[in-house]
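Q: Could you take me through the pockets of this structure, with a close look at what lines them? I would enjoy one connected account.

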Amino acid sequence: MSEPIIIVPLDGSEHALAVLPVAKALSEIGGATLHILHVAEGKSPPLALLERMGLAPADVRRSAVHARIGNPAAAILDAARETNARLIVMCTHTAPAREAQTLGGTAFAVLKGAPCPVVLVHPEHRLGTWHLHRLLLPHDGTPVTSAALRPAAELALRAGAELVVLHVAAAGAAAPAEQGSVTPPYYLDQPQHEWPAWASEFIERLACVCSLSGLRVSLVLGRGSPAAEIVRVAAERSTDLIILAWRGKWAGKHAATLKAVVREASCPTMVVRV
Amino acid sequence: MPGRSRLNSPRSAGQSVELPATPTTEPEWVLVEENTVLTREHELESLFAIGNGYVGSRGSLAEGSPLSAPATFVAGVFETAPGSVPGLATIPDWSHLSMAVEGHPVRLEAGTNLEHRRILDLRQGILWREWRYQDAAGRVSRVRGLRLASMADRHLLIQSVTLSPENYSGSVSVNAVLPEPTTWRAAGTIIAVAAAQHIEGPASPSTEFPVLVAGPLALDVELGKTYRLDRLVAIHTSRDTDQPVAVAREHAERVQETDVATLIEQHRQAWLDRWQACDIRIDGDPAAQRALRFAAYHLLSAANPEDERVSIGARALTGSAYKGHVFWDTEIFMLPFFTLTYPEAARALLMYRFHTLPAARAKAAHLGYRGALYAWESADTGEDVTPPFVIAPDGEVVRIRAGALEQHISADIAYGVWSYWRATSDERFLLDAGAEILIETARFWASRAQPEEDGRYHIRGVIGPDEYHECVDDNAYTNGMARWNLETGDAVTRLVAGRWPEQWRALVGRLALDPDEPGRWLALARDLYTGFDERTGLFEQFQGYFDLEDIDLATFEPRSAPMDVLLGRERIQRSKVIKQPDVVMLFYLLWDCFPPEVRAANFRYYEPRCGHGSSLSPAIHALIAARLGDGTLAQRYFRQAMEIDLADNMGNAAGGIHAAALGGLWQAAVFGFAGLSLTDAGPEPHPNLPLHWRVLSLRLQWQGQQHDITLPAQGSPAELRTKEAKR
């Protein structure tokens, strides 16, 4: 299949339907086809399938509806690999969330094994319509995180959206060891010169990884807890989508920022595995 | 703009063509980068910059890269973009050289880099490159290169590149043409660049070498042979001559008459002469050794004793950050190195301040004061070019008040003048320039300090070296230096009047100096508020400082951001956190004016409260800690100072090297670890060497004498040898 595909798993719950406005908007931006996927224990006729997912036939215009049998997470991942999916857009959880739980079991398993970025929509977002005017890319200054820039830049360019890059200066964090990293200027000898030089350097290093030509890009410096700053800036700037780079570790204190942002941000989060 | 080709006799078969010089091999003389990480390219271009004080050129990849920012700067040539302040003009890339093998571009990111290293040869002042590159077709080329800004001929830049096809013969296209135009205008200055370039190669039936390079060309190359491009570039400006284009062309033609190897040897010898005068040798700490040589290299690359109308900007000639603007950095942090090892260069730097005295007088008058108030940031004219505001990355529009309020710079310059005089007894300088600077800066303070009801004079509404606190009253550093400036102003009037009465009369007439003025300066100095508390032995950094919030900086560690970012501007202004040494800086400069217990008490008080938000801070802390006998703390700060440019984890150096920090590092070694005091009898060491420094030896000039000082490990006596200094 050569046409871009976005996988949208729906399990029939009302929570799961929260993803549809986001998925539809992303499909229009990217010229992609939605593959609405339902995983159950047995097959159903198409209309019954739609009914089970809470959809009307009009809801699936310019989409394709698929049913699979088996473990939901495995089926979703298989579908993503087979179609070379560009994105998976899914709900963080469809059953009532346990306290402090960030993702439901299926969402977590999909995130861990996804061959493409995953857009996570919190059911409480209750987005009636969704448009992509502004993306927020938190960036820790490391070249590895810049890998998340490419899908963000592509989306922003297609949507004509603004890309806001956020770097958070945090106490208790040493400078990253990765070569080529850039942090806020530790020595701010004369801010009237350091700030423009730093901003320019930060953006140029990003542009080295991915062309920013044609994009509206702004750089913002926050301070304090990275998660809190991401949530704050996202709210203040009416952000429609947060892009987070994730290195694949989840247990314990790993991915603390990702977990907090997914739980607390008022907009969807796209997780890019780097 | 080509010159004539130089006709050499054809090389005989088998005769190899190699680079006309060889790199230094001792590791403590070189900075080596292996296997380029392209995202670090801006930092590396700064670190590997070459220069000679007239021209400076970033160490950019000759063929370029997605992140390359090549730039060449000519000292003193500024241009002003609309709506901006003046900045050093950038000349396009004179060293650009791209090649393609059978149509495949030879670029770092295009093929496979079997080996790649860049080497900054500090001893010879040469940037080397060694590269084995494999293209997609499997062809392996060995490329070696050198680049330098001649220290023997400051208008001359030299580049030499060899190409050796290891496993192929074929066609190589070379693009070594200077970008058009070769004449630029920056504000009112014309910059002319003339190049002469040719390719040498082994004798060949198809090509007679040398081949003049006047445009892109294709060359047939043979497996196992080496071909070399030599490029000689002459730069002249309308600051140097009325005919920069003709002079540049003539210069390029003339240097072609001399063998490239000879030109390089002349440059090399000039560098060796400089190292003979200034090298510090440390036995037992290779990292510190290399860092000190790196510091001296960049300071020497920035200085031009032949030009009195330029100074050294915050990033020297290595990058466009800070726009080439000159700060107190020069006189307090860099000048000591030159005063004691290269006095001709020190003199030229101070003459810049003399030539910009009219602008300093104008600034003082504009603010309602007498005498000279030097610009906080200056370019070529001495007018203040401090940007008035900046938009911080959190969106805040920050008003920059340093231009109006950071006035200690006048005293800092006076301090540099007096230090130079003490070191050299350069009468001509004192009479022609130095005395006038000392008098006019004293005059400024005499008008700036105001008498108040308490019977004291006060200086209100300033910014001291600690820029976290603005518009403060009676900053201890400012008042302390002002007091010194007033006293020294008086001293110089008595000196000149006593020793050179005729010149004194002329000076009095020129400056309309009232006979009572020096006496009034002394009285004012005596009554100037100091902020010293007899009970605690502490100087209050400014009025009200002791009432501010105390913040434990240790709770923020580790961190990679400055404290004013982490706390926010408002909170830091309400706190005791300081940006850099302020009271402590005063003690360093006026060491003997304070008793030991006061120095120690104030260092112990202020050091834990310093957030080191300035690159000027760590070296001074290393110096003071060493002098106070706290070796552990001194070494920790010394390492921090060493790493400002040389560590590769923060992108610090992308916009240029931190020239003042490098000068501070040198001072930390000389006045901290070696503990030198400069007395009328000569330099006296009071060493506090780190235990693993087996020997520290250095050379400096003082009062016309060359002093060689060797400080062995702790417990062994120092060796001092003195002889007449070379002129």
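A: Happily; let us begin with the lining of the largest pocket, where the largest share, four residues, comes from strand β7 of chain A. This is a predicted model, in which local features need pLDDT of at least 70 and side-chain atom pairs count only at pLDDT 80 or more, while totals for chains, interfaces and linings use all residues. Residues are numbered from 1 along each chain as its sequence is written, chains are lettered from A and ligands numbered from 1 in the order in which they are written, and side-chain values use heavy atoms, with hydrogens and water left out.

Helices (H or I, at least four residues) and strands (E, at least two) are DSSP runs, numbered from the N terminus. A pocket is, on a 1 Å grid over the protein atoms alone, an open set of points where a 1.4 Å probe fits, with protein on both sides within 12 Å along at least five of seven lines; lining residues have an atom within 4 Å of a point. A volume is the space filled by probe spheres set on the points, which are joined across faces, edges and corners.

The largest pocket holds about 980 Å³ of space. Its lining counts 33 residues, and those closest to the centre are A:D140, A:T145, A:P226, A:R247 and A:T257. Two or more lining residues come from each of β7 (162–169), α7 (226–236), β9 (241–246) and α8 (256–264) of chain A. By class, this lining has 19 nonpolar, ten polar and four charged residues. Here Ala, Val, Leu, Ile, Met, Phe, Trp, Tyr, Cys and Pro count as nonpolar, Asp, Glu, Lys and Arg as charged, and the others, Gly among them, as polar.

Now for the second largest pocket, with about 790 Å³ of space. Its lining has 41 residues, and A:H193, A:P196, A:A197, B:S320 and B:A321 lie nearest the centre. The elements giving two or more residues to this lining are α6 (191–209) of chain A and β20 (389–391) of chain B. Helix α6(A) supplies the largest share, nine residues. The lining of the second largest pocket divides into 20 nonpolar, 15 polar and six charged residues.

One backbone detail from chain B can round this off. B:K323 sits in the loop between α4 (286–302) and α5, and its phi is near 55 degrees, a positive value in a residue other than glycine. With a relative accessible area of 28%, B:K323 is partly exposed (buried means under 20%, exposed over 50%, partly exposed in between, with a 1.4 Å probe and protein chains only).
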